[in-house]
Amino acid sequence: MHTFPRFTVEVPVLSVGSGPSDYEELGSYVNALRRPQGLHLTLLHVGVLEAFSQDVADWTKGITSTAEATRRTVAWLQALPVLGGFSGSAERLIVLGGGSVCALEVDVPRRVHDYQVSLVQALHELLDELLVDNVDDFILGSRALGFRYPRWTPHIAVGRPKTRGGGRREIRPLAVDFGESRIRNRRFLPDAGAG
């Protein structure tokens, strides 16, 4: 079975705490602690490109084709400005995804929040160009985009919660360093000139 790559705008985690043991301590709170090498903070989830383009074509009743939506979305992703690296801190674990994901809630600098807001505004502009009407309704209804929460909560998924029921758990404060923003799975983007 072929699985299509999911595209997100994210920042990689460079370090958590002052050494590996600081991150490994989180294993006492979560099951299946993720490897530190793959940790990231998602700024904007675009999802599977084919599904997003199909959502646009369906919403516009074919006025915007899937090929046109794909071409413009790829060009849009590749033109997004890069957010420089930054540092944040985490003092609590939260449960997301209907109780299936345990994450570090991260306090990040104001410029990171501003950048994330600019990404959502840029997404609105892209959808306007793709002739999507009622853009807010589309964003909330698109299965590809998967927007479930009205407010962005900066977080790093670290594993599965040990107990059901959600909530927050205070932890010892941890410094978190992040690299510059990138497009996850960028190498799988089709040529923007195609189609």
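What pattern does the chain follow when read along the sequence? In this predicted model, the order of elements is β-α-β-β-α-α-β-β-α-α-β-β-β. The chain contains five helices and eight strands. Its radius of gyration is 18 Å, close to the 16 Å that the globule rule gives for 195 residues, so the chain is as compact as a globular protein of that length. Along the principal axes, the C-alpha atoms fill a box of roughly 55 × 35 × 35 Å. Of the 195 residues, 43% count as buried. Contacts between residues at least 6 apart in sequence were also examined by their separation, and 83% of them join residues at least 24 apart.

Helix H2 spans residues 49–59. Its buried residues are Leu49, Phe52, Ser53, Asp55, Val56 and Ala57. An α-helix has 3.6 residues a turn, so residues three or four places apart point the same way. The cover over the buried residues of H2 includes two strands, E1 (6–16) and E3 (40–48), together with the helices H3, H4 and H5 (135–141). Glutamine 54 also lies in helix H2, but this residue is partly exposed, with a relative accessible area of 36%. The C-alpha atom of glutamine 54 is 9.1 Å from that of alanine 67, and the two residues are 13 apart in sequence. After H2 comes lysine 61, whose phi is positive, near 55°.

Two packed helices are described by the angle between their axes and the distance between the axes. For H2 and H3, the angle is about 125° and the axes are 8 Å apart. The two helices are therefore oblique to each other, and their crossing is right-handed. On the H2 side, the contact involves Leu49, Phe52, Ser53, Gln54, Val56 and Ala57. These residues meet Thr66, Ala69, Thr70, Thr73 and Val74 in H3. By class, the residues of the contact of H2 with H3 divide into six nonpolar, five polar and no charged. Leu49, Phe52, Ser53, Val56 and Ala57 of H2 are thus both buried and part of the contact with H3. Gln54 also takes part in that contact, although glutamine 54 is partly exposed.

Helix H3 (residues 66–79) also packs with helix H4 (residues 110–129), at an angle of about 155° and with the axes 11 Å apart. Angles over 145 degrees count as roughly antiparallel, and H3 and H4 are therefore roughly antiparallel to each other. H3 passes H4 in a right-handed crossing. From H3, the contact is made by Arg72, Thr73 and Trp76. H4 contributes Leu119, Ala122, Leu123, Leu126 and Glu129. The residues of the contact of H3 with H4 divide into five nonpolar, one polar and two charged. Thr73 of H3 appears in the contact with H4 and also in the contact with H2.

Threonine 8 is placed in strand E1, one of the elements that cover the buried residues of H2. Threonine 8 has a relative accessibility of 5% and counts as buried. Leaving aside neighbours within four places in sequence, threonine 8 is in contact with Thr42, Leu44, His45 and Val46, and also with Arg182, Ile183 and Arg184. Between threonine 8 and leucine 145, the C-alpha to C-alpha distance is 9.6 Å, while their separation in sequence is 137 residues.

Positive phi values were also found in two loop residues. Alanine 32 is found in the loop between strand E2 (30–31) and E3. Its phi is near 50°, a positive value in a residue other than glycine. Alanine 32 is partly exposed, with a relative accessible area of 47%. Leucine 131 is placed in the loop between H4 and H5, and its phi is about 65°, again positive although the residue is not a glycine. Leucine 131 has a relative accessible area of 54% and is exposed.

Conventions. Residues are numbered from 1 along each chain as its sequence is written. This is a predicted model: local features need pLDDT of at least 70, side-chain atom pairs count only at pLDDT 80 or more; totals for chains, interfaces and linings use all residues. Side-chain values use heavy atoms; hydrogens and water are left out. Axes are lines fitted to C-alpha atoms, for helices over the stretch in contact, and angles run from 0 to 180 degrees between N-to-C directions. Helices (H or I, at least four residues) and strands (E, at least two) are DSSP runs, numbered from the N terminus. Angles under 35 degrees count as roughly parallel, over 145 as roughly antiparallel, 65 to 115 as roughly perpendicular and the rest as oblique. A crossing is left-handed if the near helix is turned anticlockwise from the far one by less than a right angle, and right-handed if clockwise. Contact means heavy atoms within 4.5 Å. Ala, Val, Leu, Ile, Met, Phe, Trp, Tyr, Cys and Pro count as nonpolar, Asp, Glu, Lys and Arg as charged, and the others, Gly among them, as polar. The radius of gyration is taken over C-alpha atoms; the globule rule is 2.2 Å times the number of residues to the power 0.38. Buried means under 20% relative accessible area, exposed over 50%, partly exposed in between (1.4 Å probe, protein chains only).
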